[in-house]
Amino acid sequence: MLTSRTFLKRTRAGAVVKVVREHYLREDIPCGAAACRLCPPRPAGAGRGLEAQPSGAASSLCPGPHYLLPDTNLLLHQIDILEDPVIKNVIVLQTVLQEVRNRSAPVYKRIRDVIQNPEKHFYSFTNEHHRETYIQQEQGESSNDRNDRAIRVAVKWYSEHLKKIEDEEKIQVIFLTNDRTNKEKALEEGITAYTCEEYIKSLIANPDLVDRLACVSDEGKEIESGKIIFPEHIPLSKLQQGIKSGVYLQGTYRASRDNYLEATVWVHGDAEENKEIIIQGLKHLNRAVHEDIVAVELLAKDEWVALSSVILQDDGQNEDDIENEEEKENIARRHLFTPADRRIPRIRIETRQADTLEGQRIIVAIDGWPRNSRYPNGHFVKNLGSAGDKETETEVLLLEHDVPHQPFSQGVLSFLPKMPWSITEQDMKYREDLRHLCVCSVDPPGCTDIDDALHCREVENGNIEVGVHIADVSHFIRPGNALDEESAKRGTTVYLCEKRIDMVPELLSSNLCSLRSNVDRLAFSCIWEMNHKAEILKTRFTKSIINSKASLTYAEAQMRIDSTTMNDDITTSLRGLNKLAKILKKKRIDNGALTLSSPEVRFHMDSETHDPIDLQTKELKETNSMVEEFMLLANVSVAQKIYEEFPEFALLRKHPAPPPSNYDILVKAAKSKNLEIKTDSAKALAESLDKAESPEFPYLNTLLRILTTRCMMQAVYFCSGMDNDFHHYGLASPIYTHFTSPIRRYADIIVHRLLAVAIGADSTYPELTDKHKLADMCKNLNYRHKMAQYAQRASVAFHTQLFFKSKGIVNEDAYILFVRKNAVVVLIPKYGLEGTVFFEEKGKPTPRLDYNNEVPSLTVEDTTLHVFDKVKVNIMLDASNIQHQKIRMVLVEPKIVENDVPANLSTEISSKNEPEKKKKKLQK
């Protein structure tokens, strides 16, 4: 059957066209019930559908067998409930799915996943194309009202249809809605309808499910009691007009880690003016949460302020923060949940299992934030495990940083090569056989995902041939399949202290793609002919087959280079590479490349308990630099080639120059030590850092380089056709990309595909030459890369806590990195740790503090502390509160002496490489 609608439409050119829309209706769409013989059988692969005898949780409201049918708002707000294993046999209407798809992509994906789970027996019913359930919009009826009516029509049809099934016990259809009007109309029409809360509370065997109910308040009844803390949010229609006219600016809200009453908004768009806007004070923050898209209105210029230098954390608990509420069937206590990320506000949740959750790490979802509440409302979602447990804390930090870490699905694994695998004639078609070359790899100890290998040899004309050979991952991961999509979503491998979250399945990362020694492997090679001054005479790229002669660690390679007795082919090759690398590095530095510093730590683990027993900063050898130089050179060479071939579609990497204001802290800190740092160009900065030496203070130069790292912008991926600034500030290179690590970075796989097309070794595909899709991909890669860095730092912070747990009190030297109005940030070089020493403690007298922003310095009573001052601290783990375990320090030297000042000036520390990256813990 066919229904059609005809209407007239005016085009941009002014012409009037007649549009006819046809809508096909069918009678052969099955209801999904397993016991139904009236409907045609479901098509193969359509899932298991609804059970003949529904096996869900027993309900006191409807003790008989029943199916559930939720409306759109219930599905949007109560997805956590619907995902619970207890909830089964749910009918999801096409009307509901379409509305959810338009309103929330994440919820839509979650409900699609639930529908595909055979254990859940969720069934998607195409009611908009079923002859008996399709309805047309009536005159004067809103789209929302039409959809509500369509849902009720479908519920009624199901109820009538299921009555016709010849079965001993009739199956009921329960309509779930939180919309009061919709429920009243349903009841008038003879439909069995309940709110989600009514139904969930009727599941007597599952009282814990009540905790997972989203706290959705009625907008009109939001303010019944209590004073109004926040101003009202402006209606969406007015917002859109204001953004269009420029009255309001739209951007991403970024809460401060250091001051909970402060945030910045990064304005969207290309305008340089008002790019970053500061917001201060609870009322002005107006219930925004970190990473929200917000609209802001600028204050008058005379009200503009700078970012404060105060470190302020929301640790206080007001008397009205915890309330007791008596419920008819139970006593539910309202609790404040403290998120792992201190940029997220505390969340008020209601739970009946507080005793069970004591000492646990839990996941909570935010439901809303009333104007009269200091904190948002939320609900309990999932218990992750005991606080302090290694597995639980690892799960917490992966979830907190949005790292995809679920096992690879069967759909993804089905695209892996079948074992045993070997190189075929077909594989050799566009490849050079380079197995005769003396290729070797140099990596950290224990590395199994070996991306790169090198060779160096003298050729007949006296020049030197150098090759960088990179694992040919794109040979195994073909565009558009499930393996490719999963790798693109993950974006990068994440390295934690004791765990690696692979971007690609282990069969590829540690076996078939890994360039292990003495096995044939497929590679993508970049080969240069150079003279002895490391000047490139020729460059060529080829897909190849190699056989690495040795898999060395940095220490083993260094030992070979330094040895006076070893002169084999591998050692000769390494010496040649090392000699050229030194020349290449000097050229780069002369060109203005920066050599910055960032303390990295390495844990030594107990072989049985796997707890850290030693903590050291990583020592870099010459061979680290040797490998790095050739990787950089390969990346630059490939960037030039793919941009030359694809000026609009090359995936490149740039590092923007920092705005001059970023360097203020560095310039002031250097000036306090009578040193001048020039920041007008990367070359000037590099040269002035080289000159900034102090014979009596040798560590000063390292501190200056660490501080310089903090001034830098983030390097990002971009599409060449969507940008005109390609420069990489840190490397002083006009063009750059990532080619050398395709096992652990998806960007490199795209670059491999572009290069393969450029040299005629592979064919192109539409997405590769779509700059908008490439730009979207870059956005995801940049996000994943940033989150991976943060997850790694959080892992180091947790293992640092484990290390100090067994150490008692440790006394160490530290240096002051930053001075604030009420605190100093210190760095402990031995452990690469960084922390904030507070000079104000709750319940204790506050010392006299005098802050000087120009020097910068902080005077505590009569003791003045400057940036880069050397101090001594005692370090210990404070485990008095299982939920708030933190490392504390006591300032030992210089001793702050006066009558009322607390003897112990404590510190919270973190092993992060940026001040913004403080310790994160998930706390209830």
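Buried means under 20% relative accessible area. The views below all come from a predicted model.

**View 1. Strand 34 sits in the middle of a three-stranded open sheet, in the order 33-34-35.**
The pairing in this sheet is antiparallel. Strand 33 (849-852) and strand 35 (863-866) are the edge strands, and each pairs on one side only. From one strand to the next, the twist averages 15°. In a regular strand, side chains alternate between the two faces of the sheet. Strand 34 shows two such sets: Ser 857 and Thr 859 point one way, while Leu 858 and Val 860 point the other way. All four of these residues are buried.

**View 2. Ser 857 has a bridge partner in strand 33 and another in strand 35.**
Four bridges pair strand 33 with strand 34 in the antiparallel sense. Here Asn 852 has Ser 857 as its bridge partner. A hairpin of four residues joins strand 33 to strand 34. Strand 34 (residues 857-860) also pairs with strand 35, again antiparallel and over four bridges. On that side, the bridge partner of Ser 857 is His 866. The hairpin of strand 34 and strand 35 has two residues between the strands. Glu 861 in this hairpin takes a positive phi near 55°.

**View 3. Four strands form an open sheet in the order 10-9-8-11.**
Pairing is antiparallel here. The edges are strand 10 (276-280) and strand 11 (293-296), each paired on one side only. The twist averages 40° from one strand to the next. Strand 8 (residues 249-255) runs antiparallel to strand 11, and four bridges join the two. One residue to find in strand 8 is Gly 251, whose bridge partner in strand 11 is Val 294.

**View 4. Helix 11 packs against helix 22.**
Two packed helices are described by the angle between their axes and the distance between the axes. For helix 11 (residues 390-400) and helix 22 (residues 771-805), the angle is about 155° and the axes are 10 Å apart. Angles over 145 degrees count as roughly antiparallel, so helix 11 and helix 22 are roughly antiparallel to each other. Helix 11 passes helix 22 in a right-handed crossing. On the helix 11 side, the contact is made by Lys 390, Glu 393 and Leu 397. They meet Ala 791, Ala 794, Ser 795, Phe 798, His 799 and Leu 802 of helix 22. By class, the contact residues are five nonpolar, two polar and two charged.

**View 5. Thr 542 lies buried in strand 24.**
Strand 24 covers residues 536-547. Thr 542 has a relative accessible area of 8%, under the 20% cut-off, so the residue counts as buried. Beyond its neighbours within four places in sequence, Thr 542 is in contact with Glu 432, Ala 523, Phe 524, Ser 525, Ile 527 and Ile 759.

**View 6. Ile 423 is a partly exposed residue in a loop.**
The loop runs between helix 12 (410-413) and strand 17 (431-433). Relative accessibility of Ile 423 is 24%. Asp 520 is 97 residues away along the chain, yet the C-alpha atoms of Ile 423 and Asp 520 are separated by 8.0 Å. Leaving aside neighbours within four places in sequence, the contacts of Ile 423 are Met 428, Asp 520, Arg 521, Leu 522 and Ile 545.

How values were computed. Residues numbered from 1 in each chain as written. Predicted model: local features only at pLDDT ≥ 70, side-chain atom pairs only at ≥ 80, totals over all residues. Heavy atoms only, no water. Axes fitted to C-alpha atoms, helices over the stretch in contact; angles between N-to-C directions. Parallel < 35°, antiparallel > 145°, perpendicular 65-115°, else oblique. Left-handed = near helix turned anticlockwise from the far one by under 90°. Contact = heavy atoms within 4.5 Å. Nonpolar A, V, L, I, M, F, W, Y, C, P; charged D, E, K, R; others polar. Buried < 20%, exposed > 50% of the residue type's maximum accessible area, 1.4 Å probe, protein only. Pairing = 2+ DSSP bridges.
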